[in-house]
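Work through the exercises below with the structure open beside the text. Try each task before reading its solution.

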Amino acid sequence: MSLELNAGDQSMLQGEQGPAVAAAMKILVAFSKAVGAHKLLDIAGAHIDGCLYHGQASLDFVERLIEGGGRVRVPTTLNVGSFDLIHPGLVKMPAAQEAPARRLMNAHLDLGCQATFTCAPYQTRFRPRFGEQIAWGESNAIVFANSVIGARTNRYGDFIDLCCAMTGRAPAWGLHLSENRRGQILFELTDAAFEPSDALFVGVGLIVGHRAGDRIPVISGLPKPRDEDQLKALGAAAATTGAVALFHAVGITPEAKTLDEALHGLVPEEKIRISRTDIHHALVRLSSVPDGVQLAAVSLGTPHFSHEEWMRLLPLLREVAPGRGVPIYVNTGRATLTRLQDEGALAGMEEFGLVPVTDTCTYVTSILERLDGVVMTNSGKWAHYAPGNIGVSVAFGDMEDCVRSAAAGRVVRAAP
């Protein structure tokens, strides 16, 4: 299949709009041909996942675009980096590693990207609208945009997402196209009257990600969520244990008002039943320690804590008043933190061990004071990745469990 380029595409490819744009378009054309796209389409925005420093190649790529006079052409948000630029004293990183990590984050700003540094760009003023074509990196952001908002993006990896931002174009393939957004595999919650707890949405996400493979899942029987943060947690878990970029929750998400709409009128390829026992077993696997074990820290906000989550956490901290010296790290976006500070919401919270973290996340960079103890989290994503990334033992529980455990100094969880 040949790739059709319009006059603007040809102009960028031929270098008429500068060497950086030409380089980005050359890469984008090669990628588009590789995935079988027949044309490119305009995008309304991008989210770049390449701010996290993995080696010199990532910095070289961005520096080369800067040298070529490159600038992004659409509103472009940035994912987390390797460093908390707002609270630099939190990060324990040798100077030799800190310099390129900082430079990579700032280099993206030189290209005209927004200094969001959050894995939850949907919580910023750059949140896309239903049906908008975008090019996003970061797995949880992708699945949230597609599923909860109904915007359209594929899973774009490092460099390709930036090439889309530099050109304002993306290949017309995959989830950008309506016919490819049809649900293919049906997950049915079998037990009546599931309570819409945070743990339920994490557990369902873990199972869906593990069993769906590369197929688009449809979930029926899911209780109405308290807020979109529960859907955020489901999508993040599904994208962590699998390759899910879009899910449909019947009666909840915008492209699944009915089961028939989610399946585009067709029959699912497979049906999988999810019981309470299935969810319990999925959640148990997230914890490597039993109740009662001494706690070293709590980490919340993976994906980044929303303002609504903060409004649930802060009264809980005042009620429980943890004071045993167990730090409660909360990863959140800059915009959310600024709003909280403007509202005076964080006054006095440090006495409860609260440690806000921005621009990065505690499972990707060295922030935790202790790595030899147990860390408790309410995030399925954090619990899945942290043992391999930073070598800690993990206990999973709801937000309330996490705060009460910090107060007790040991892992305590309510009965499931």
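The exercises deal with a helix pair, a covered helix and two cavities in a predicted model.

**Exercise 1. A pair of helices**

Task: Find how the axes of helix H7 and helix H10 are arranged, and which residues meet.

Solution:
- Step 1. Locate the helices: H7 covers residues 198-212 and H10 covers residues 276-284.
- Step 2. Two packed helices are described by the angle between their axes and the distance between the axes.
- Step 3. Here the axes come within 9 Å and cross at roughly 85 degrees.
- Step 4. Angles of 65 to 115 degrees count as roughly perpendicular. H7 and H10 are therefore roughly perpendicular to each other.
- Step 5. On the H7 side, the residues in contact are Ala 199, Leu 200, Val 202, Gly 203, Val 204, Leu 206 and Ile 207. They meet Asp 278, Ile 279, Ala 282 and Leu 283 of H10.
- Step 6. Sorted by class, the contact of H7 with H10 has nine nonpolar residues, one polar and one charged.

**Exercise 2. A covered helix**

Task: Decide how many residues of helix H5 are buried, and what they pack against.

Solution:
- Step 1. H5 spans residues 139-149.
- Step 2. A residue is buried if its relative accessible area is under 20%. By this rule 11 of the 11 residues of H5 are buried, and the helix is mostly covered.
- Step 3. Among the buried residues are Asn 140, Phe 144 and Val 148.
- Step 4. The partners of the buried residues are strand E2 (45-48), strand E4 (134-136), H8, E10 and H13.
- Step 5. After H5 comes Gly 150, with a positive phi near 85 degrees.

**Exercise 3. Two cavities**

Task: Describe the cavities of 30 Å³ or more and their linings.

Solution:
- Step 1. Searching the whole structure gives two such cavities.
- Step 2. The largest cavity holds about 200 Å³ of space. It has 19 lining residues, and those closest to its centre are Asp 229, Lys 232, Ala 233, Glu 309 and Asn 378.
- Step 3. Helix H8 (228-241) gives the largest share of this lining, namely six residues.
- Step 4. The lining of the largest cavity divides into six nonpolar, six polar and seven charged residues.
- Step 5. The second largest cavity holds about 50 Å³. Its lining includes Ile 48, Phe 61, His 108 and Asp 161.
- Step 6. Helix H3 supplies three residues, the largest share of that lining.
- Step 7. By class, the lining of the second largest cavity has six nonpolar, three polar and one charged residues.

Conventions. Residues are numbered from 1 along each chain as its sequence is written. This is a predicted model: local features need pLDDT of at least 70, side-chain atom pairs count only at pLDDT 80 or more; totals for chains, interfaces and linings use all residues. Side-chain values use heavy atoms; hydrogens and water are left out. Axes are lines fitted to C-alpha atoms, for helices over the stretch in contact, and angles run from 0 to 180 degrees between N-to-C directions. Helices (H or I, at least four residues) and strands (E, at least two) are DSSP runs, numbered from the N terminus. Angles under 35 degrees count as roughly parallel, over 145 as roughly antiparallel, 65 to 115 as roughly perpendicular and the rest as oblique. Contact means heavy atoms within 4.5 Å. Ala, Val, Leu, Ile, Met, Phe, Trp, Tyr, Cys and Pro count as nonpolar, Asp, Glu, Lys and Arg as charged, and the others, Gly among them, as polar. On a 1 Å grid over the protein atoms alone, a cavity is a set of points where a 1.4 Å probe fits but cannot get out, and a pocket is an open set with protein on both sides within 12 Å along at least five of seven lines; lining residues have an atom within 4 Å of a point. Grid points are joined across faces, edges and corners, and a volume is the space filled by probe spheres set on the points. Buried means under 20% relative accessible area, exposed over 50%, partly exposed in between (1.4 Å probe, protein chains only).
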